[in-house]
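Open your viewer, pull up a cartoon view with side chains at the ready, and follow along. At each stop you will get a selection to make and a short account of what is there.

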Amino acid sequence: MNYEDVLTFLTVLETQNIAQAARTLFVSQGTASTRIRRLEEELGIPLFYRQKGFKNVTLTPYGSRLVPIAQNWMDLYREAHSLGSLHLNQTLTVAATDTLNLFLLSDFYKAFISEHPEVSLKIMTYHSQEISRMVDSQRCDIGISNSLFVYPSIQSSILLEEAFVFLCHKNSPFAGTRDISCLKGEKEVLNDWSSEFGYWHQHYFASFKSPKIVIGTPAMITNFLDDEESWCIIPASLAGRFLERLDGFCAVRPDIPIPQRKSYFLCRKARLPETDALIDCFRDACARYLAGLSCLQDQDSGCTQTPFSST
């Protein structure tokens, strides 16, 4: 693959129109079409469906599979071609989940680069499984994820263990009784936090009706807690932030065991000498930050119920 062909593929994907992609890239439509055909011939697969009379194009299943590969290829290409402009500052590439980046680590990142002006951070957001692959393939120096996938090349440690809490309206019967039978399954806003959480949820809520909605990112949760019967389950570290945006809601810990949510620090066992000490420094600082955050969880969440046993 070459740069121009991959760039054209991603631009057609963005515009869904070859003519528009050509204008965006300042080339002729014929040139853009030639680049797409050349890439298809090189890979031996069709990337777009083309129909007469329709200006827009859509991806084939092969094209859909190529999208993340092409995006990673472009990142690597640009990184390789920027080697000549590197300065003396050290760069750490960190891949973390959207929950961690959005709600827990943004303040830490700011504090870290303030304390270490010689360090540049490159922050990326991926799912936990992809983060493990990126650390394994050396596409990032550090991974911070909520699920652990075993790779022989990766060493891992636990950064944070925290409880889950239920968010519900203060007028909900559940807020006073902490009895999950008071909850309505069809009013749940469900996020699949991990496989362990999924097994636990299935055990306790199998008899409930289907959730109101199942979402893929915690950032959407508050949008659907829109009446007094709505509820959700979230990590305690997020409760305080979410309650600031929810009028009349509270955090509750029921009298049932709930699995702990874990955040893992990932890096390669074999590291470059120039980044080895820096990675350890980042890990230790992050662990201290999250430990301090953990101490404030109960206070920030407003959850006054007696903590339950998680064993």
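The tour goes from the whole chain to single helices, then to the hollow spaces and a few single residues.

**Stop 1: the whole chain**

Start with everything selected, and keep in mind that this is a predicted model. The chain has 13 helices and 12 strands. Along the principal axes, its C-alpha atoms fill a box of roughly 70 × 55 × 35 Å. If you colour by accessibility, 45% of the 311 residues count as buried. What share of the contacts between residues at least 6 apart in sequence join residues at least 24 apart? The figure is 74%.

**Stop 2: the loop leading into α2**

Select Gln 16, which is in the loop between α1 and α2. Gln 16 is not a glycine, yet its phi is positive, at about 60°. With a relative accessible area of 43%, Gln 16 is partly exposed, because the partly exposed class runs between 20% and 50%.

Now add Asn 17, which caps the N-terminal end of α2. Draw a distance from a side-chain oxygen of Asn 17 to the backbone nitrogen of Ala 19, and you should read 2.9 Å.

**Stop 3: helix α2**

Select residues 18-25, which make up α2. Show the side chains of Ile 18, Ala 19, Ala 21, Ala 22 and Leu 25, which are buried. Turn the view until you look down the axis of α2: the buried residues fall within an arc of 160°, so they line one face of the helix. As background, an α-helix has 3.6 residues a turn, so residues three or four places apart point the same way.

What covers the buried residues of α2? Select 3-15 and 29-43: the cover includes α1 and α3. Before leaving, click on Phe 26, just after α2, where phi is positive at about 60°.

**Stop 4: helix α11**

Jump to residues 236-243 for helix α11, which is mostly covered. How many of its eight residues are buried? Seven of them are: Ala 236, Ser 237, Leu 238, Ala 239, Gly 240, Phe 242 and Leu 243.

**Stop 5: the cavity**

A search of the whole structure finds one cavity of 30 Å³ or more. The volume of this largest cavity is about 70 Å³. To see its lining, select Asn 72, Asp 75, Leu 76, Glu 79, Lys 122, Met 124, Tyr 126, Met 134 and Arg 139. Which element gives the largest share of this lining? It is α4, with four residues. Both α4 (61-81) and β4 (119-125) supply at least two residues each. Coloured by type, the lining shows four nonpolar, one polar and four charged residues.

Close to this selection in sequence numbering, pick Gln 138, which sits in the loop between α7 and β5 (142-145). Gln 138 is another place to check the backbone: its phi is near 65°, a positive value in a residue other than glycine. At 56% relative accessibility, Gln 138 counts as exposed, because exposed means over 50%.

**Stop 6: the second largest pocket**

Next, select Ser 128, Asn 146, Ser 147, Asp 192 and Trp 193 to find the second largest pocket, which has a volume of about 630 Å³; of its 26 lining residues, these are the closest to the centre. Then colour α5 (98-104), α7 (128-136), α9 and β12 (261-268), each of which supplies at least two residues of the lining. By type, the lining divides into seven nonpolar, 13 polar and six charged residues.

**Stop 7: two single residues**

Select Asn 191 in strand β8 (residues 188-191). Is Asn 191 buried or exposed? At 6% relative accessibility, Asn 191 counts as buried, because the cut-off for buried is under 20%. Leaving aside residues up to four places away in sequence, Asn 191 touches Phe 197, Ile 215, Gly 216, Thr 217, Pro 218 and Ile 221.

Finish with Tyr 199 in helix α9 (residues 195-205). Tyr 199 is exposed, with a relative accessible area of 64%. For a last distance, join the C-alpha atoms of Tyr 199 and Tyr 264: they are 20 Å apart in space, and the two residues are 65 apart in sequence.

Terms used: Residues numbered from 1 in each chain as written. Predicted model: local features only at pLDDT ≥ 70, side-chain atom pairs only at ≥ 80, totals over all residues. Heavy atoms only, no water. Buried < 20%, exposed > 50% of the residue type's maximum accessible area, 1.4 Å probe, protein only. Arc of directions from axis to C-beta. Contact = heavy atoms within 4.5 Å. Polar contact = N/O pair within 3.5 Å; in protein donor to acceptor, adjacent residues only side chain to side chain. 1 Å grid on protein atoms, 1.4 Å probe; cavity = no way out; pocket = protein on both sides within 12 Å on 5 of 7 lines; lining within 4 Å. Points joined across faces, edges and corners; volume = space filled by probe spheres on them. Nonpolar A, V, L, I, M, F, W, Y, C, P; charged D, E, K, R; others polar.
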